[in-house]
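User: Could you take a close look at one part of this structure for me? I'd like a connected walk through it.

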Amino acid sequence: MSDWPSEIRLSKDRRTLHVTFESGESHALPAELLRVESPSAEVQGHGPTQKQTVPGKHEVEILKVEPVGHYAVRLTFDDMHDTGIYGWDYLRELGRDGEAKLQAYLDDLAAKGLSRERVRRG
């Protein structure tokens with residue numbers, strides 16, 4: 001990989017991860033997108049046909065951003081999901097293709113009768 005992040009910054013409301021690369025390319029990645037497209041096996045499965053649709057993440061927040069070597073970050077979300085390792089290329093892909101990925105996710109939710117909203121337990 002030839003283009004490393006020069007800045008990774010979490011917004012004050014913890015709902016957006018801002019990533020700027022050395023090339024100047026910059027992306028504002030919504031926490032919801034990062035959570036539902038987590039590179040973890042829990043979400044992606046072990047093959048393309050095993051990907052899970054994760055409902056109820058519209059208001060998810062990022063609690064922690066931790067470096068993993070020099071190649072990635074681990075994100076911890078407020079639902080305690082923390083097993084995805086987000087490499088620089090994957091963050092760039094989510095930045096470039098995020099709108100299409102989010103729309104595909106919304107379409108999948110609708111097709112399965114699921115909601116973006118969290119289920120409140122009381």
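Which residues does Val19 touch, not counting residues up to four places away in sequence? And once that's covered, how is the sheet E4-E5-E6 put together?

Analyst: Keep in mind that this is a predicted model. Val19 sits in strand E2, residues 16–21. Leaving aside residues up to four places away in sequence, Val19 touches Pro5, Glu7, Ile8, Glu25, Ser26, His27, Leu29 and Leu91. Its relative accessibility is 1%, so Val19 counts as buried. From Val19 to Ile62 it's 43 residues in sequence and 14 Å in space, C-alpha to C-alpha.

Now for the sheet. It's an open one, built from three strands in the order E4-E5-E6, with antiparallel pairing. The edges are strand E4 (62–68) and strand E6 (85–87); each has a single partner strand, so one side of each has no neighbour in the sheet. Going from one strand to the next, the twist averages 30°.

Take the E4 and E5 pair: six bridges hold the antiparallel pairing, and one of the partnerships puts Glu66 with Arg74 in E5. These two strands make a hairpin with three residues between them, and Gly69 in the turn has a positive phi of about 55°.

On the other side of the pairing, E5 (residues 72–77) is joined to E6 by three bridges, again antiparallel. Here Ala72 has Gly87 in E6 as its bridge partner. Helix H3 (residues 88–112) packs on the sheet, where it touches E5 and E6, and its direction makes about 80° with that of E6.

Key:
Residues numbered from 1 in each chain as written. Predicted model: local features only at pLDDT ≥ 70, side-chain atom pairs only at ≥ 80, totals over all residues. Heavy atoms only, no water. Pairing = 2+ DSSP bridges. Helix = DSSP H or I, 4+ residues; strand = E, 2+ residues; numbered from the N terminus. Axes fitted to C-alpha atoms, helices over the stretch in contact; angles between N-to-C directions. Contact = heavy atoms within 4.5 Å. Buried < 20%, exposed > 50% of the residue type's maximum accessible area, 1.4 Å probe, protein only.
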